[in-house]
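Work through the exercises below with the model open. Each task is followed by a solution in steps.

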Amino acid sequence: MAPKENTQWYDLYHEVVETGLCTGCTACIVACPFHVLGYEDYRPVQLQEDGVDRCAHGDKGCSLCTLACPRFRDWEREVDQHLFGKVRRPEEVIGHYHDIVLARATDPEVLAHGQDGGVVSALLIWGLERGEIDGVCTSKLSDERPWDCEPAVVTDRQGVLAAAGSRYTYSPNPLAMLKAAEMGLSNLALVGMGCQASAPGSMAARRVNKWAKKVKWTFGLLCSKSFTYDGLMVEIAQKELGLSLDEIVRVNIKGKLLFYTEDGRELTYGLKKSHRFTRPGCLHCPDFTAEHADISFGGLGQGEGWTLTIIRTDKGKDLWERAVADGVVEWRPGSEDPEAIDKLFKLAVKSRERWLPDSPWNAPAAVPAGEVATAEA
Ligand SMILES: Cc1cc2nc3c(=O)[nH]c(=O)nc-3n(C[C@H](O)[C@H](O)[C@H](O)COP(=O)(O)OP(=O)(O)OC[C@H]3O[C@@H](n4cnc5c(N)ncnc54)[C@H](O)[C@@H]3O)c2cc1C
């Protein structure tokens, strides 16, 4: 269901970019058929010279950037309705889902490469090898800055394994859809945090069909925030913890920031203290659990090496069951780790509180009355 009136870049700029709701996901840039939107400091910018909020094509009736945007106006209800045939109630803080399980890859090499249970990578490799998808839009480590990341298209096992693991700076993965289209790929999996995982649903709900049709699977990553590169890797890792970037082998967030070094050390940094380095585009994001993914994945859990997996859409359920039947992943019920489930819901409530309180579009994103969020993100 598209917004009723004709909307355009002017509306997107003033309602989403200027207000701070823009996450920098790049769906608007992907959808713009005139290529007049660029990307600077994690935000879309108008490349035409008529003014930051003006678009000559918008003035002539083009509304594709607003339609693709997963934060524009009634995005949450529209995408909910399209994907699930119903709108979540305020108390359904993690969105709609079929099941929550703890899972891991059965292939030891995939498990070793994964951030948690390697489930994302295992499913992607399985999908590519079966021909269900022909490319994956995800992130890879940056060629230029150590431990930064950037969008990438991968098409085989080697590429998926090279891209596995989490980086906690921001990679606008939807942008890789432009590259995938240039490569002639049309059955894509998109991997991304909630801000990005709502993009295919937005595009589909509002009929930005050229792009919506290319995304077959949407895989979401649980996320409470990403960091600026200078904050995470320069100020925290190098200056405060005294690390050099080439000795870091893994970064993780488990209630605190964790840096692992090649000589086996684990250095920690408090999440509260790190808040000043949060990327501005994350500050108003209400979606911890990637509510519009086919399947969402997170590292919450008391045991290392398992991925907390939320199976959401019918499509997600179908592909999950087939992957399990093929022996690609193994799983146990989420109820075996009640602390993780409790934390999942608490963190989801906490993120819901971040949506702009005076926005006219926040009704379903509201936190249920009387709910007190206590968990630290
Ligand atoms: C910025 C960020 C914040 C997160 N915060 C939380 C959290 O607070 N709580 C929680 O439970 N889980 C969080 N996660 C998810 C968690 O780190 C794992 O990605 C998830 O558990 C899946 O693990 P896996 O081993 O199955 O995935 P893997 O098999 O390792 O695959 C991970 C996939 O994520 C992609 N990826 C890695 N970094 C990025 C990035 N920066 N941007 C986009 N895509 C990326 C990789 O390319 C790969 O395709 C976060 C992830 C990210 C990227």
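**Exercise 1.** In this predicted model, determine how the residues of the shell around the ligand divide into nonpolar, polar and charged.

Solution.
- Step 1. Collect the shell: the ligand is surrounded by 33 residues. The closest are Gly114, Val120, Ser121, Ser166 and Gly298.
- Step 2. Sort by class, with Gly counted as polar. The shell then holds 17 polar, 14 nonpolar and 2 charged residues.
- Step 3. Assign the shell to elements. At least two of its residues come from each of helix 7 (119-130), strand 4 (135-141), strand 6 (188-193) and strand 11 (295-298).

**Exercise 2.** Decide whether helix 1 (residues 9-17) is enclosed or open, and find what covers its buried residues.

Solution.
- Step 1. Apply the cut-off: a residue is buried if 20 or more other C-beta atoms lie within 10 Å of its own.
- Step 2. List the residues that pass: Trp9, Asp11, Leu12, Tyr13, Glu15, Val16 and Val17.
- Step 3. Conclude: 7 of the 9 residues are buried, so helix 1 is largely enclosed by the rest of the structure.
- Step 4. Identify the cover, which includes helix 2 (27-31), strand 2 (43-46), helix 3 (56-59) and helix 4 (64-68).

**Exercise 3.** Assess the compactness of the whole protein.

Solution.
- Step 1. Count the elements: 16 helices and 13 strands.
- Step 2. Compare radii. The radius of gyration is 20 Å and the globule rule gives 21 Å for 377 residues, so the protein is as compact as a globular protein of that length.
- Step 3. Add the extent: the C-alpha trace spans about 60 × 50 × 50 Å along its principal axes.
- Step 4. Add burial: 50% of the 377 residues count as buried.

How values were computed. Residues are numbered from 1 along each chain as its sequence is written. This is a predicted model: local features need pLDDT of at least 70, side-chain atom pairs count only at pLDDT 80 or more; totals for chains, interfaces and linings use all residues. Helices (H or I, at least four residues) and strands (E, at least two) are DSSP runs, numbered from the N terminus. The radius of gyration is taken over C-alpha atoms; the globule rule is 2.2 Å times the number of residues to the power 0.38. A residue is buried if 20 or more other C-beta atoms lie within 10 Å of its own, exposed if 12 or fewer, and partly exposed in between; C-beta atoms are placed from the backbone. Two residues are in contact if their C-beta atoms, placed from the backbone, lie within 7 Å. A residue is near a molecule or strand if its C-beta atom, placed from the backbone, lies within 6 Å of it.
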